[in-house]
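Here are some notes for you to read alongside the model. They cover the protein–DNA surfaces and one charged residue that deserves a second look.

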2 protein chains.
Amino acid sequence: MARYEQIAGDLRDAIVRGDYPIGAQLPSEAELALRYSAARGTVRQAVALLAAEGLVGSRQGARRIVLGSERSQSFAELHSFAQWARSMGYRASGTVLSSRRRRCSPSEAVRLSLEPGEEVLDVLRLRRLDGEPVLVERTVYAGWIAPAVERLDPECESVTQELYESVGLVFAYGEHLIDAVAAGSEDARLLEVRRGSPLLRQRRVTTTQEGRPVECSDDRYRAGSVTFSIRNSTAANPLVRRAAD
Amino acid sequence: MARYEQIAGDLRDAIVRGDYPIGAQLPSEAELALRYSAARGTVRQAVALLAAEGLVGSRQGARRIVLGSERSQSFAELHSFAQWARSMGYRASGTVLSSRRRRCSPSEAVRLSLEPGEEVLDVLRLRRLDGEPVLVERTVYAGWIAPAVERLDPECESVTQELYESVGLVFAYGEHLIDAVAAGSEDARLLEVRRGSPLLRQRRVTTTQEGRPVECSDDRYRAGSVTFSIRNSTAANPLVRRAAD
DNA sequence: AGCTCTGGCTTGTTTGTACAAGTTCGCCTA
DNA sequence: TAGGCGAACTTGTACAAACAAGCCAGAGCT
């Protein structure tokens, strides 16, 4: 682990612990550099991490200020339903309801960088938290990863983790579109809500570290079960609002 | 404008223009340093910006890869409905439907760091895109900014910008919770949809650069009018999924 | 008392250097 | 031909130094 990550971790712990309550000033960079016997640049990398997490605010000329004390785990939590659930203290489970190969549509070909008509794997999963159905996941996997996905246990808890362990696949980048839709009849039946009731939809495309698209998915959460949270600052975070398709 | 921002802008333009299409490699840091007559550190700051925006991916040892070519303006767009609308080519308008002072509730006192019972300003706004109502905004402003808000034109297009120009107020940090809810009867009437139809809700708290909370708001978008978009990578972006309140 | 202004403190930007660690690709060998 | 090896390349981390720019409090003045 890098030195600046250690320092960031140390400071984060101190903030979470309440050593620096909300509104308090952080020590100056020079002081921190001295305390950790590190160069100022290294300390800056550390506090930049905290700023990106929204824990501290920064203004040129003034001491850094503590803005919050909630820790957020960023990427991993956005991707792995199971990991997120575990960290929140829920018991996650899931079932594959259908899984079949087919030729990809033109729009999927674009999103997954495939040749038109190439084969893809279509998977429908229902996910539960503590037994309650909360999420319908309709995922399209690129053909090259399909065999590994088909080998997975249908009741498999964490797809992300299993794929990592079986073929070393790492989900590294993602684009996510979040909006609200009415439950269709299938959604309604699976999630045990009335047709037309509000669902939170997350559409995403995920790629490997090399930029190779792996999957695109349409996930629908039952209203009231899940919330997305973003911290942003003037200096960071590519969250934008877009017009609907 | 800082040198690294110029370089980042230049590279961003090149990517958007298609000089570096999706999947292409960016020049190495050394080459960019030479091209821009800058130190490698400066170039690194520039490409780090692009990486944070999700435009390029980074892996130690390998050339940087272009992941996307859509420009996102990050913070500003998340905050100013008017600015966002303008950048998307829409004509934004809005009306203040009600505005009244009252004592804050205990939960508001916590979120806005106020004394319990302190005065706040409650504003209900309806926002339109090209004349279509798309957003109901219920905002609670801290008492200290209330006078400036009350002086605003009820038809004011961009609250953010007006507050900046009139009192120099800058919204610098924000926390946002996004989920889906069913339209209440007031929502339904204002947005011209049926009661119970799905809405995308964004709750937020905004603070100044000093960490002083300015407002908290409950914004509800008509389904199909707006989506939120996030790009994330293993290394960045504090977006998380949370259980509902 | 209230105001201005200045000097010291703090963060922001840039350059330069060095080494660590991961990737890529060609060459060589079995 | 398939596989292993290594050299060159590329990004990541760390240190040191200098100056720019913004903030703040206290000194001094009105």
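A residue counts as near a strand if one of its heavy atoms lies within 4 Å of that strand. Please keep in mind that this is a predicted model.

1. Backbone of strand C. With that cut-off, 71% of the atoms of DNA strand C within 4 Å of the protein belong to sugar or phosphate, and the rest belong to bases. There are 24 residues around this strand, and those that come nearest are A:Glu29, A:Arg40, A:Arg63, B:Arg3 and B:Thr42.

2. Polar contacts to strand C. A:Glu29 may catch your eye, with a backbone N or O atom 2.8 Å from a phosphate oxygen of DNA strand C. From chain B, a polar side-chain atom of B:Tyr4 is placed 3.2 Å from a phosphate oxygen of that strand. B:Gln60 has a side-chain N or O atom 3.2 Å from a sugar or linking oxygen of DNA strand C.

3. Elements facing strand C. In chain A, α3 (40–52), β1 (56–59) and β2 (62–66) each supply at least two residues of the surface near DNA strand C, as do α1 (3–17) and α3 (40–52) in chain B. By type, this surface has nine charged, nine polar and six nonpolar residues.

4. Strand D. Here 23 residues surround the DNA, with A:Arg3, A:Thr42, B:Arg40, B:Ala62 and B:Arg63 coming nearest. Sugar or phosphate accounts for 73% of the atoms of DNA strand D within 4 Å of the protein, and bases for the rest. The surface near this strand divides into nine charged, eight polar and six nonpolar residues.

5. Bases and sugars of strand D. Two contacts from chain A go to base nitrogens: a polar side-chain atom of A:Arg40 at 3.4 Å, and a backbone N or O atom of A:Gly61 at 3.2 Å. In chain B, a polar backbone atom of B:Gly61 is 3.3 Å from a sugar or linking oxygen of DNA strand D.

6. Elements facing strand D. α1 (3–17) and α3 of chain A each give at least two residues to this surface, and so do α3, β1 (56–59) and β2 (62–66) of chain B. The largest share, three residues, comes from β2(B).

7. A buried charge. What is the nearest side chain of opposite charge to A:Glu77? It is B:Arg241, 7.2 Å away, and the buried A:Glu77 has no salt bridge. A:Glu77 sits in helix α4 (residues 75–79) of chain A. Beyond its neighbours within four places in sequence, A:Glu77 is in contact with A:Trp84, A:Ser87, B:Val240 and B:Arg241.

Methods:
Residues numbered from 1 in each chain as written. Chains lettered and ligands numbered in written order. Predicted model: local features only at pLDDT ≥ 70, side-chain atom pairs only at ≥ 80, totals over all residues. Heavy atoms only, no water. Polar contact = N/O pair within 3.5 Å; in protein donor to acceptor, adjacent residues only side chain to side chain. Helix = DSSP H or I, 4+ residues; strand = E, 2+ residues; numbered from the N terminus. Nonpolar A, V, L, I, M, F, W, Y, C, P; charged D, E, K, R; others polar. Buried < 20%, exposed > 50% of the residue type's maximum accessible area, 1.4 Å probe, protein only. Lys, Arg positive; Asp, Glu negative; His and termini not counted. Salt bridge = Lys/Arg side-chain N within 4 Å of Asp/Glu carboxyl O. Contact = heavy atoms within 4.5 Å.
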